[in-house]
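Reader: Before we begin, please take me through the features one at a time, giving the general idea and then the case at hand.

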Amino acid sequence: MLLGKNLILATKPFAKEIRSKSWFHATSTLALLILALGGSLAVPGIILKLLCSVIAGLLLIRMFIIYHDYQHHTILTHSPVAEVIMTVFGMYMLSPASIWKRSHDHHHNHNSKLFSASIGSYPIVTRKKYMEMSRFQKFTYLAVRHPVTIALGYFSMFIIGMCLRSFVSNPKKHFDSLIALVIHITVAVLLFVFIGWQAWFFMFFLPFLIAFAIGAYLFYAQHNFPGVEFYENKNWVYEKAALESSSFMKMNPVMEWFTGNIGYHHIHHLNSKIPFYRLPEVMRHFTELQNCKVTRLTPKAMSACFKLKVWDQESNQMIGVKGLHKMPA
């Protein structure tokens, strides 16, 4: 049985892209996205427009996973054409490379560390720390992790978190965040004024709303689920954190395709150089990766994830707010 670093080393043969496959997935997804967005504008009737808009939102998620793999230097490396496509797409998705790569790399290198995991991830505090917070601090902490905030990830995670905060924190380093935001708002206004509210809503607003809501939830639930483990920095081990603090989110084949296999998150964290289209192959190959912590995109599973708020160091588990008051301080 392979354990620890030996398991990472064993996955190395799969950490190689098949260039033709990478291009096929990238170009076909982009083409379908353009068709869906165009359809939301061109097709007659609200129902067909809505259908195209929802499909466009789901395709934005898939294209974002491709962008995400590119930023990991997993696929399409050293390609000037890919560089242009991904740079433009990152700006379009309010996730310019300067902030996305920095925050996401930090997330991978500090996943599940109690005291340095919040950059590029949802904040996590211990029960003791939470009980010491002021009322306002508790409110803001819980608000960030609230289902409504996550559902409105378009505004909370991307417009405010990715763009505004990064630019305010370091205008020189993250000037592209401001450019992305200005372009985004300009396009929205032009669509609304010159083509009409339906074009703005179905071609622009709704696809972003859907993509960012699902994306924000996936990012939340894959590291905030029943059975997740968090560690003090001194006890943190990369490969253990990948397997114990990242979930396998079981989905139907359609949603697996739209989400670019990101549900195989424990494998992605174990070796981020494995292309998204090879993750199921790796899962099948290694029995060690099949005995993993599972969550699902079902109302019951989502409710269980949302109830988790703080890390209790005494019981070594995530607990909800109600659990705080049932236990002695």
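Author: Let us start with a charged residue: K49 is buried, where buried means under 20% relative accessible area, exposed over 50% and partly exposed in between, with a 1.4 Å probe and protein chains only. K49 nevertheless has no salt bridge, a term for a side-chain nitrogen of Lys or Arg within 4 Å of a carboxyl oxygen of Asp or Glu. The nearest side chain of opposite charge, E256, is 32 Å away (Lys and Arg count as positive and Asp and Glu as negative; His and the chain ends are not counted). This is a predicted model, in which local features need pLDDT of at least 70 and side-chain atom pairs count only at pLDDT 80 or more, while totals for chains, interfaces and linings use all residues. Residues are numbered from 1 along each chain as its sequence is written, and side-chain values use heavy atoms, with hydrogens and water left out.

Reader: Where is K49 found, and which residues does K49 touch?

Author: Helices (H or I, at least four residues) and strands (E, at least two) are DSSP runs, numbered from the N terminus. K49 lies in helix α3, residues 46-71. Contact means heavy atoms within 4.5 Å, and, not counting residues up to four places away in sequence, K49 touches S40, L41, A42, V43, Q198 and F202.

Reader: How many salt bridges does the structure hold?

Author: The structure holds 6 salt bridges. One of them joins the side chains of K101 and D105, at 3.0 Å from N to O; because these residues are 4 apart in helix α5 (residues 97-110), about one helical turn separates them. K101 counts as partly exposed at 23% relative accessibility, and D105 counts as partly exposed at 25%.

Reader: Is the pair K128 and E132 buried or exposed?

Author: K128 is exposed, and so is E132. Their side chains meet in a salt bridge of 2.8 Å, N to O, and, being 4 residues apart in helix α6 (residues 127-132), they too are separated by about one helical turn.

Reader: What is the relative accessibility of R278, and what is that of its partner E281?

Author: R278 has 12% relative accessibility and therefore counts as buried, whereas E281, at 29%, is partly exposed. The closest N and O atoms of their salt bridge are 3.1 Å apart. Elsewhere, salt bridges that share partners join E229, E244 and K293 into one network.
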